[in-house]
Amino acid sequence: MNLVLLGPPGVGKGTQGRMLSETLEVPWLSSGDMLRDAVREGTALGKRADGSMRQGELVEDSLIVEIMGERLRRADATKGFILDGYPRTRGQAEALAAVLAQLGRTLSAALLLDLPDEDVVTRLSGRRICERCGRVYHVEFDPPERDGRCDVDDGELIRRDDDRPETIRRRLVVYHREIEPLLRYYEAEWVLRRIDGSGPPAEVNKRFEAVLASAGV
Ligand code: AP5
């Protein structure tokens, strides 16, 4: 099962990606997490990506295409994958198709998780992340047992750098600029499926399962 998750920042791609990864037993590959790891580790790649990410802009296609192409060739992705945050431009979608063709594989579905902008702003503004283990919380929808501390390892809960209001606004502008050409691309490939992202995570997850079952993937 080779899946792509599309959708605005904060719609819940990571939340659903993790859940689907457990039930489908394929790796969840988040381009944003890979870039944030590179920034944290101070690699050459991380240094190139850092400025764009802080401003809510996309990193250059060539950079992310290289990282994701390399990741998809690793052994654990041979049985399938859930791509979260990649591709984000039509150029990236074409690069992904080229890698899959080289590997003799095709995309099973591109799943667009959708939600109005005002709701994604609420989700992003309340997101908190454990600085140790990366567990994601929401102050209102999925709060920790103790304020500001992770339930798993007691790590401090922090806000992601790009979850500041002005950066959220910029990320949404960039999303709306890039998404239409990407949707047209996947519509033409007959793999696009749309999923309503409203309601609690378990409810959204049931919609994913229904869509995947009806698409026969
Ligand atoms: P990336 O990390 O991919 O960020 P994003 O797409 O903006 O998405 P997020 O991770 O912010 O949100 P999400 O949809 O995963 O939501 P989540 O599940 O956490 O990218 C970051 C940056 O990296 C980009 O801006 C760019 O610079 C760069 N980048 C990455 N990929 C790139 C690419 N391909 N090309 C170029 N540049 C790239 O949920 C959000 C919150 O809502 C959480 O608090 C969660 O608990 C809560 N929540 C989730 N689901 C629900 C629900 N159903 N109900 C209530 N609350 C919910």
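Searching the whole structure turns up one aromatic pair (ring centres of Phe, Tyr or Trp, the last by its six-membered ring, within 6.5 Å; planes under 30 degrees apart are stacked, over 60 edge-to-face, the rest tilted). The partners are Y185 and Y186, edge-to-face at 5.1 Å centre to centre with 80° between the planes. Both Y185 and Y186 are buried (under 20% relative accessible area; exposed is over 50%, partly exposed in between, with a 1.4 Å probe and protein chains only).

Keep in mind that this is a predicted model, where local features need pLDDT of at least 70, side-chain atom pairs count only at pLDDT 80 or more, and totals for chains, interfaces and linings use all residues. Residues are numbered from 1 along each chain as its sequence is written, and side-chain values use heavy atoms, leaving out hydrogens and water.

Now the cysteines. The same kind of search finds zero disulfides (cysteine sulfur atoms within 2.5 Å). Here is how C130 and C133 look:

| Cysteine | Nearest cysteine sulfur | Relative accessibility |
|---|---|---|
| C130 | C133, 3.7 Å | 2%, buried |
| C133 | C130, 3.7 Å | 40%, partly exposed |

On to the sheet: five strands make an open, parallel sheet, ordered β2-β3-β1-β4-β8 (strands are DSSP E runs of at least two residues, helices H or I runs of at least four, numbered from the N terminus; strands pair if DSSP finds at least two bridges between them). β2 (28–30) and β8 (192–196) stand at the edges, so each has one side without a neighbour in the sheet. β2 pairs with β3 (residues 81–84) over three bridges in the parallel sense, and W28 has I82 in β3 as its bridge partner.
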